[in-house]
Amino acid sequence: MVVSPAKKEFTYSTADFEAVRKKLKKLTGINLADSKDSMVYSRLARRIRVLKLGSFLQYLTYLDNNAPEQEEFVNALTTNLTSFFRESHHFDALEAHLKKNPKATKIWCAASSTGEEPYSIAMTAVKAFGKFSCPVQIIASDIDSKVLQTAREGMYRSDQIRDLPIEMKRQFFHRGTGNHDGKVRVVKELRELVQFQKLNLMDDSYAIPKNIDIVFCRNVMIYFDKPTQLDILQKIVKHMAHDSLYIAGHSENFGHVSQVLTPLGKTIYKPKRG
Ligand SMILES: C[S@@+](CC[C@H](N)C(=O)[O-])C[C@H]1O[C@@H](n2cnc3c(N)ncnc32)[C@H](O)[C@@H]1O
């Protein structure tokens, strides 16, 4: 075990880590590597403290008997790293696509985390159409209810938009004052372009519209094993329109799903029709 017994506030065995790993995989599809042993300890120790329990074993029993705790468990263990215009070439490609196809467009951001990605999509759409009232519908979803709350609020630290051009900062963010000093908030017109909803990619079916034109599903598939990736992709593709695009993260390799997606370059794919 990685967490040294001397440092442990709560009893935590290898069997506890295995039980957490199994439960997380079942609830989210996420495969935790062996090296995540101490991350699991520190993140769940917070829950054990809040619940005033004495050990991981007690926590796991509590989790089995208290369904609402499952949401806290999932929120505690997801990795939500994201940023505005992460992998910026995808937003250049999106702008070019929208300019070339200036029609009503449905975009689904399928692991939207704290909102930086869907708001980057919205900023790109406004830039492409030159106005806030653009014909783009953006659905943003995530399994983690806590990140969705942050995303809906659209409030960020000022340093998170440090690298954005000054005109974008002016057009798309309000600077916080008083209690919100050092923060910025996405303007209402941009927030209104994005609908956030909770969605688990492991569910049998997805409560989102059909005929999605562009799917952003970036940096989430890396947490799933290959059979799970294939299963999820098959479900996502059912929601995609003819001539649609699937945009993946830079480290997501879909060589094993060539029956579902055809690569177009730069981790952009189109669905294959059967
Ligand atoms: C590393 S973040 C990626 C955020 C963003 N797509 C990006 O590329 O910057 C991964 C996100 O996937 C979400 N996630 C993990 N498992 C999921 C599942 N089964 N269904 C939906 N979202 C999931 C996590 O909650 C997290 O917010």
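Hi everyone, this is a short tour of a sheet and some of the helices around it. Please keep in mind that we are looking at a predicted model.

Let's start with the sheet. Find its 7 strands, which form an open sheet with mixed pairing. Reading across, the order is S6-S2-S1-S7-S8-S10-S9. Where are the edges? They are strand S6, residues 194-198, and strand S9, residues 261-265, and each of them pairs on one side only. From one strand to the next, the twist averages 25°.

Now zoom in on one pair. Strand S1 covers residues 105-109 and strand S2 covers residues 136-142; the two run parallel and are joined by 5 bridges. If you want a landmark there, look for Cys-109, which stands opposite Ala-140 in S2.

Next, the helices on the sheet. Helix H6, residues 116-129, packs on the sheet and touches S1, S2, S6 and S7. The direction of H6 makes about 170° with that of S2. Then there is helix H5, residues 89-100, lying across S1, S2, S7, S8 and S10. Helix H5 runs at about 175° to S7.

Finally, a pair of helices. How do H2 and H4 pack? Helix H2, residues 37-50, and helix H4, residues 67-77, meet at an angle of about 140°, with their axes 9 Å apart. That angle makes H2 oblique to H4, because only angles over 145 degrees count as roughly antiparallel. Their crossing is right-handed. Among the residues making the contact are Met-39 and Leu-44 of H2, and Phe-73 and Glu-72 of H4. By type, the contact residues divide into 6 nonpolar, 4 charged and no polar.

Thanks for listening!

Conventions
Residues numbered from 1 in each chain as written. Predicted model: local features only at pLDDT ≥ 70, side-chain atom pairs only at ≥ 80, totals over all residues. Heavy atoms only, no water. Pairing = 2+ DSSP bridges. Helix = DSSP H or I, 4+ residues; strand = E, 2+ residues; numbered from the N terminus. Axes fitted to C-alpha atoms, helices over the stretch in contact; angles between N-to-C directions. Contact = heavy atoms within 4.5 Å. Parallel < 35°, antiparallel > 145°, perpendicular 65-115°, else oblique. Left-handed = near helix turned anticlockwise from the far one by under 90°. Nonpolar A, V, L, I, M, F, W, Y, C, P; charged D, E, K, R; others polar.
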